[in-house]
Amino acid sequence: MRGVNRAMFLGRVLRSNSTSTAVSGAIDTLHRVPPHGTSTTCWLGPSSPSVAGSVIGFRYSSAAATSLAQEAQTKAFKPKELILFQYQACPFCNKVTAFLDYYDIPFKVVEVNPINKKEIKWSDYKKVPILTVDGEQMVDSSDIIDKLIKRIHPDYDLNAEEEKKWREWVDNRLVHVLSPNIYRNVPEALESFDYITTQGNFSLSERLVAKYGGAAAMYFVSKKLKKKHNITDERAALYGAAEQWVDALKGRKFLGGLDPNLADLAVFGVLRPIRLLKSGRDMVEHTRIGKWFSEMDRAVGQSSRVTEHS
């Protein structure tokens, strides 16, 4: 019983770091978003690497031109060190990494243990992501991105109506359909926790407890989240959100036109963790989002994460 309680606590912590308080303790935070759509953290969903390995690092010639433009934009923004404190399985953290990858901004990662959070004990802010830029602390995924884009593009209009609308949609709607899908049944919950526990910062004992106890706990929690967010059919809600996004593109390659804007990056970042799970595979198979997702994967390109051996 202690193991199950520990696993449930783990689930709460991993999902807890949205700006609002977590549902049923810390576990609900992934889907709790503050009034203005800002978000900070995670749910227990896998943060996957770039979708389709065959396109990792590959870009069309148009993407190469985009890369040149991005290089020109970022040349004035050259911090000495960016460190991202994250959970690997956090969609909000993935929003930030998608932005950093797209703008080719090198960053280091500190994987936070979701149980003791010892890696962020230095901070008064106890959620992730936390980004430090030459020692300056930034928190909340949307706020981090706002601050960074202004340093890259001082004239960037953060109040552009369409872009702002869909960025808020990501935090207020899209994230809410994820947990009910990745924990929809026991096999899918185990699939999710298998990824989470192998990619996250867990001790061996925490990994074993989390995989089985956490999967069982989150299976039941996901049912409460369905009711909370008025979701009757998990897959229908996920497919509906995907189709809603594709409709918003109105035939354009990206919402931003020929190049992704912040809304494109937010949707891509949030969905990237589930892409290799059954829920993500089903989403691509049964909706029109696959083409846009592949284009985004090419545009974002390889990770700009700096490793010890880089």
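These are short notes on the overall make-up of the protein and on its sheet.

1. Status and content. The model is predicted. Its secondary structure comes to twelve helices and four strands.

2. Burial and surface. The protein has 310 residues, and 57% of them count as buried. About 13,300 Å² is exposed. Carbon and sulfur atoms supply 54% of that exposed area.

3. Contacts along the chain. Take the contacts in the protein with a separation of 6 or more. Residues 24 or more positions apart account for 73% of these.

4. Sheet layout. The four strands form an open sheet. Their order is 2-1-3-4, and the pairing is mixed. Strand 2 (108-111) and strand 4 (136-139) stand at the edges. Each has a single partner strand, so one side of each is left without a neighbour in the sheet. From one strand to the next, the twist averages 20°.

5. Strands 1 and 3. How do strand 1 and strand 3 run, and how many bridges join them? They run antiparallel, with four bridges between residues 82-86 of strand 1 and residues 130-133 of strand 3. One pairing can be named: Ile83 has Thr132 in strand 3 as its bridge partner. In general, strands of a sheet pair through backbone hydrogen bonds, either parallel or antiparallel.

6. Helix on the sheet. Helix 4 (residues 141-152) packs on the sheet. This helix touches strand 3 and strand 4. The direction of helix 4 makes about 125° with that of strand 4. Strand 4 is thus an edge strand that is also touched by helix 4.

Terms used:
Residues numbered from 1 in each chain as written. Predicted model: local features only at pLDDT ≥ 70, side-chain atom pairs only at ≥ 80, totals over all residues. Heavy atoms only, no water. Pairing = 2+ DSSP bridges. Helix = DSSP H or I, 4+ residues; strand = E, 2+ residues; numbered from the N terminus. Axes fitted to C-alpha atoms, helices over the stretch in contact; angles between N-to-C directions. Contact = heavy atoms within 4.5 Å. Buried < 20%, exposed > 50% of the residue type's maximum accessible area, 1.4 Å probe, protein only. Areas by Shrake-Rupley, 256 points an atom, 1.4 Å probe, with all protein chains shown as cover.
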